[in-house]
Amino acid sequence: MGKYLKNFSALVMTAALAVTAIDMQPADAAKAPKLDKKNVSVQVGRKKTIKVKNGKKAAKVTWKSNKTSVVKVMKKVTAGNKAVTIKGIKKGSAKITASYKLKGTAKKMTCKVKVTDGKPEVPTVPPTVSNAPVITQAPTAAPTNAPTTEPTATPVPTPEPTPRIKVVTANEAIVEKNIPKDFKDKKDGVEYGSFIVNAKYYSDITESERTVNIALPAGYDESKKYPVVYMMHGIGCTKEMFGTNIDGSSIAKIYANLRAEGKCEEMIIVFPGIRVSDEPENNMHSTENYKHYDDFREDLINNLMPYMEENYSVATGRENTAVCGWSMGGREALYIGLSRPDVFGYTAGYCPAFGLLPYTNPSVGKSEPGLLAVEGAEEDTITLPEEYIDNTYVQISAGLYDDVVNDEPKRYHNALETGGVPHIYNEYASGHSDGVYDPGFYVLIMNAFKTVE
């Protein structure tokens with residue numbers, strides 16, 4: 001009897017453990033992290049939220065869109081409810097990936113996103129034989145022949161909406177992969193315009209007159225309005241690095257050659273000195289000296305641009321204004337253009353120097369917090385206000401053999417991708433030289449000042 005009871009108890013215990021195991025398996029599976037949506041649809045310009053369900057509080061989640069031109073990640077949350085807000089940019093399909101990490105374990109979850117244009121289908125209506133309005137409801141009373149006491153108001157026509165000018169972005173841009181070898185040579189039959197050297201404007205920062213070189217297009221005509229490109233030099237250099245006459249300026253020749261082929265718009269090119277100080281540049285790699293370059297943003301907007309508008313036939317507005325530069329000038333061009341997209345529709349950096357993101361550069365013994373760093377971001381991020389994301393031309397050009405700024409241009413490219421900013425990133429078989437800024441400028445002006453209404 002005792003042996004029977006002992007065996008019976010063992011059977012009961014085994015069954016209980018089996019039942020417990022069966023009960024526990026689905027419960028554990030249900031607690032596994034997963035997205036609350038596997039498929040989602042969103043209209044262009046609208047937003048939706050995707051969440052991680054059953055996520056642990058200590059876990060970290062990063063979100064990424066595989067097509068930022070279609071769907072943009074608006075807000076990343078790496079703690080708490082593990083949610084992300086996405087926005088439809090243009091019609092199409094994309095995937096949002098959530099990378100979930102906890103104590104060395106990682107899991108990737110995806111949600112398919114379909115972006116629709118949100119336009120309702122227009123039903124087919126048979127044509128009518130007159131323009132009389134269609135009555136959708138019978139009148140409640142018979143009409144009378146009594147005259148009205150109030151005069152009939154004259155209908156006021158609805159004004160046509162002003163077309164919104166949209167700057168061509170990387171999504172619509174043209175990038176020639178095989179630039180002609182003679183793209184910066186002086187050619188017979190091409191008109192090359194003229195150079196104005198050391199034009200003077202007043203700076204309220206230095207409280208003194210500063211000088212600028214200006215390349216005017218061939219046939220410059222005061223009755224026309226010309227868009228403007230501001231081209232900026234590197235640290236330790238001057239505006240003269242881009243020439244003081246047509247023969248000595250590859251930039252001026254590149255423009256004239258493209259214009260002669262009908263591949264770019266007419267424009268004025270301005271070569272300013274971007275170190276805003278009258279003191280000699282003795283300690284080149286110092287925080288104080290870097291600030292003199294950063295100060296050019298205010299000098300450009302508040303002093304040089306008004307001077308150009310007063311003295312030359314300049315087309316105003318962000319859609320008519322570009323800023324670009326090489327090395328430190330590339331850093332400043334991207335800083336100026338991306339921090340003030342309300343003023344500059346086009347921005348390009350060629351071999352852009354350190355400083356837009358936090359860095360330490362051992363070769364010069366300098367560190368900076370980053371001019372465009374997004375506070376609180378877990379990874380390098382450079383972005384734009386929402387209204388300018390798909391309405392700004394951004395370009396970064398890098399040298400494959402650049403041993404001065406190294407991979408910093410590519411780092412900026414990756415940060416723009418994380419920030420959802422459409423942009424052009426191209427690399428050239430060159431070092432830190434004109435082998436990058438000449439072809440980079442060629443690409444910029446092929447696309448500059450071409451807008452979509």
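A residue counts as exposed when its relative accessible area is over 50%, and as buried when that value is under 20%. These cut-offs are applied here to a predicted model.

Lys-114 is a place to start. Strand E8, which spans residues 105–116, contains Lys-114. The relative accessible area of Lys-114 is 51%, so this residue is exposed. Being exposed does not leave Lys-114 without contacts: setting aside residues up to four places away in sequence, Lys-114 touches Val-40, Ser-41, Val-42 and Gly-92. There is also Lys-91, which is 23 residues from Lys-114 along the chain. The C-alpha atoms of Lys-91 and Lys-114 are separated by 7.7 Å.

The helices come next, beginning with H3. Helix H3 runs over residues 287–294, and its buried residues are Asn-289, Tyr-290, Tyr-293 and Asp-294. They lie on the same side of H3, because the arc they cover around the axis is only 150°. A general point about helices helps here. An α-helix has 3.6 residues a turn, so residues three or four places apart point the same way. The buried residues of H3 pack against H4, H5, E16 and strand E17, the last of these being residues 366–368.

Two of these partners, H4 and H5, also meet each other. Helix H4 consists of residues 296–311, and its axis comes within 10 Å of the axis of H5, with a crossing angle of roughly 60°. The two helices are therefore oblique to each other. The crossing of H4 past H5 is right-handed. On the H4 side, the residues in contact are Phe-296, Arg-297 and Leu-300. They meet Tyr-335, Ile-336 and Ser-339 of H5. By type, the residues of this contact divide into 4 nonpolar, 1 polar and 1 charged.

Which residues of helix H7 are buried? In this helix, residues 408–418, they are Glu-408, Pro-409, Tyr-412, His-413, Ala-415 and Leu-416. Their arc around the axis is only 165°, so they sit on the same side of H7. The elements that cover these buried residues include helix H5, residues 328–339, and strand E16, residues 359–361. Strand E18, residues 393–399, and strand E19, residues 424–428, are also among them. After H7 comes Gly-420, which has a positive phi near 75°.

Helix H5 thus returns in several parts of this account. It is packed against by the buried residues of H3, it is crossed by H4, and it helps to cover the buried residues of H7.

Conventions
Residues are numbered from 1 along each chain as its sequence is written. This is a predicted model: local features need pLDDT of at least 70, side-chain atom pairs count only at pLDDT 80 or more; totals for chains, interfaces and linings use all residues. Side-chain values use heavy atoms; hydrogens and water are left out. Buried means under 20% relative accessible area, exposed over 50%, partly exposed in between (1.4 Å probe, protein chains only). Helices (H or I, at least four residues) and strands (E, at least two) are DSSP runs, numbered from the N terminus. The arc is that of the directions from the helix axis to the C-beta atoms. Contact means heavy atoms within 4.5 Å. Axes are lines fitted to C-alpha atoms, for helices over the stretch in contact, and angles run from 0 to 180 degrees between N-to-C directions. Angles under 35 degrees count as roughly parallel, over 145 as roughly antiparallel, 65 to 115 as roughly perpendicular and the rest as oblique. A crossing is left-handed if the near helix is turned anticlockwise from the far one by less than a right angle, and right-handed if clockwise. Ala, Val, Leu, Ile, Met, Phe, Trp, Tyr, Cys and Pro count as nonpolar, Asp, Glu, Lys and Arg as charged, and the others, Gly among them, as polar.
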